[in-house]
Amino acid sequence: MAGTVAGHQLPPAAHLLTNVMREYVLQRVLQLIPTLFLISIVSFTIIQLPPGDYVTTYVANLAAAGEEVSEAEIAALEEHYGLNQPGYIQYIKWITNFLQGDMGLSFYWDRPVNRLIGERLMLTMIMSFFTLLFVYAMAIPIGIYSAVRQYSPADYTFTFIGFIGLATPNFLLALIFMYIGIAFFDADAGGLFSIEYLDAPWSVAKIWDMLKHMWLPVVIVGTSGTAGTIRVMRATTLDELGRPYVETARAKGLREGPMTMKYPVRVALNPILSTIGWQLPQIVSGTVLVALVLNLPTTGPLLWRALMSQDLYLAASMILILSSLTLIGTLISDILLAWVDPRIRYGERGTT
Amino acid sequence: MTVQPNDTLLEVKDLQTHFFMAEGVAKAVDSTTFSIGRGKVLGVVGESGCGKSVTARSIMRMVRPPGHTVDGEILYARAAETGPTTSVDLLQLPATGAEMRSIRGGEISMIFQEPRASLSPVHRIGDQITENILLHQPVSPAEAEDIATDMLQQVHIPLPEQRMGAFAHQLSGGMCQRVMIAMALSCHPNLLIADEPTTALDVTTEAQILELMQGLQADLNMAIMFITHDLGVVADMADEVAVMYLGKIVERGAAADIFRDPKHPYTIALLESLPRMDQKREWLQTIRGVVPDPYSTLSGCPFHPRCADFMPGVCDEIVPQPITLEDEREVRCLLYTEHATRETPPPAEEASHQ
C-alpha cells in the first residue's frame, strides 16, 4: 500500500502521518467540549462561594458611606439582578445566554459584559502580541549568541542584564520607566491613548497614537520574559551544540554559521516554539499589576475589579474565557510540538 | 614505511593536540607520527582517553576549544583535476576556510560511535545525505537525490526510496550506521575516518557493518583509518596497526606482524586481554592499573607504572623514542634499546634478575 506512491519528494510515510495528525487534532478538539463545560460550572461556583453577593457588597458599601437601604429596596435589587433565584438556575440562564454570545450584565458597570470585555480584550491581545514579538526578537538571537560564544564578555554581559531583568518586579520597572519618562522626556506615560483620542472612533491616527504609547508597556512587560527566554535559549542551544549530530554536520564541510542555524539551533528552538501556546492565558491575565500602574485599558484590571466587587457575570465570563484560552493554548502547543519535532509525532510507529 | 612514498595518502608528523584546561594542559595527542597508504586500512588501537579520537579530529581540523593542535604536520596528497598530485599540509589551511571545507566531507569523511545520535533528529535522512552531495558535487538536487538513494542501496538498506523520507529515530542503530556510511561515502572520499563505528552496536550488527565496510573499501579503493579499542575488530580489516597509549603511538607495523609477534609490552598486554576460543583460561587477562590522569607528568616512559617488564632506574627516567626494528616495525620501548642490554638481560628473564 505504501509502495504505490512513487517519487522521493513526498514519501508515503508523510500521507500516513498527516492522517494520524488530523485524527489526533480532531480528537483533542472534541475532548475540549466536556472540559470547558466542567470549567464553566467550577468558575461559576467559585465566584458564588464567598458569603454574600453583589447586592450585599453594594449595600455594605452604601452603609459605610452612611446611607440607609431598606429591605424592600434590597429585595428589588435582588429581583432586578436575578440574585434571588437558586444558584443552578442562575448558572443555566447564564450559560445558555453565553452560548448565544450574551455574557450577561455587569452589575458594577451596569453594562453588558460583551461590550465591557470586547475592546479591552482586543487591546490586550494587540499588546500581548507585540510583547511576545519583542520577547522573541530580543531573546532568541541573544540566547543563541550567548551559547555559541559561551563565557565571552558579551555572554557575561547579557547574563548579567538578564538576571537583573528577571529579578526586578514588573510594576517597579513600570514606576521607574514612568518616572524617567515624565522627568526627562516630558512624555505622558500611562494609558494607551492620548486624551484627544480616548473616546474617538478608530482611525489610522488613533492606531498610530496607540502604537506610540504601546512600546513602553511592551518593553516593561517583556523584560522579564526576555530575560527568562534568553536563559532557556542559551541552555538548550548549549545542550544541542555538544551533540554528535552537530559534529556530523561539521564533518560534512558546512560553514559553521549556517550549520549552527540549521542543526543545533533548529532543535533548540523546539521547546520555545512549542510553548507559544502557553502564553495565551498569560496574554489576558499576566499583566494586572503593570496595567494598574500604567493605567492601561486592558483586561487585567477589569478582572481584578470584578473579583473585588463580586461582579458575578463579568468575573465568571472572564474566568471562562481565560480557561478556554489555557486549554486552546495547550492544544496549540501540543500540535506545534508534534509539527516541529518528528520524534513526538503522535501515534507514529518506528519502521524497524 | 610499508607503503611507497608516492602511494602515501596521508602523512601525520609529530602531531601535537593539547587541551588547555583549568586543571592544566592535557596532551591528548603528543608527537604522533604515522601515515596511511592510498586504499589501505590503518587500525588505530588504544584504551579510552589515549588520543585516538582527538587524532582523528585533528586530521579533520575539527578539534574544539579548549583543544588546539599546537604543532606538527598533516600532509595530505591531494589529487588535482588535472596534473600531478600535490601535497597539502592540512594544518596550514584555515580550519573553517573554503579549501579545508571542501576536503572535509568531500575527500576525507568521518563516521562516529553513536550512529543514531550522529544523525539529526529533526531532518529526514534523505535530506542529510543530499546535503553532503550538493555541498561537494556539481549536481542538481534531483541528481543528488538519485545518488543518495543509490548510496542507500549500496549499504544494503532495504526499500531505499522510502527510507529517504525516514527520521533517525525510526531506524535501528545498525541501519543508522549504514546511513552514516552512505552519507560519508556519497562523495567518494579518499579517506574514511571511522571512530569506533561499531562500539555501540551488538556483535551481530557489528559483524555486518564490518563486512559492509570491507566490501565498500575494496570497491571504492578508499583508505580507512579505523579507530577502535578492540584489537579483534581490526584483525581482519587492517593492513597496518598503530597502538596508541597516552597520546603517543607506542607500536606500529603491519597488522599480521603485530598480531603474530607483538613487541611493546602494552601491545602484548592488549592481545592477552582478548578473549580467545582456542585457549582455556580461568580468568581473562587484564592490564593492571588504569590510564593515568592526563594532567600528570610522568617521568620516563608513560606506560612504566603498568608495565610487566618495568626496568627500575631506566623506564622511569628515560623517555623512549621510536625505534625501527625488523619488518619496518616501530616501537617506543626501552627494552629494545642499549639501555636494556646494558643493565638487564633480554625481557623474558627480566623479572628474575631483580
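Which residue of E9(B) stands opposite Gly43(B)? The notes below start from there.

1. Val241(B) is the residue across from Gly43(B). Before going further: this is a predicted model, where local features need pLDDT of at least 70, side-chain atom pairs count only at pLDDT 80 or more, and totals for chains, interfaces and linings use all residues. Residues are numbered from 1 along each chain as its sequence is written, while chains are lettered from A and ligands numbered from 1 in the order in which they are written.

2. The wider setting is an open sheet of 8 strands in chain B, ordered E6-E7-E8-E3-E9-E10-E12-E11, with mixed pairing. At the edges, pairing on one side only, sit E6 (108-111) and E11 (323-324) of chain B. Strands here are DSSP runs (E, at least two residues), numbered from the N terminus, and two of them pair if DSSP finds at least two bridges between them.

3. E3(B), residues 41-45, runs parallel to E9(B), residues 240-245, and 4 bridges join them. Val44(B) faces Ala242(B) in that pairing.

4. On E8(B), residues 223-228, 5 bridges tie in E3(B), again in parallel. Here Val45(B) stands opposite Thr228(B).

5. E3(B) is largely enclosed by the rest of the structure, because 5 of its 5 residues are buried (20 or more other C-beta atoms within 10 Å of a residue's own, with C-beta atoms placed from the backbone). Val41(B), Gly43(B) and Val45(B) point one way, Leu42(B) and Val44(B) the other, and all are buried.

Terms used. Helix = DSSP H or I, 4+ residues; strand = E, 2+ residues; numbered from the N terminus. Buried ≥ 20, exposed ≤ 12 C-beta atoms within 10 Å, placed from the backbone.
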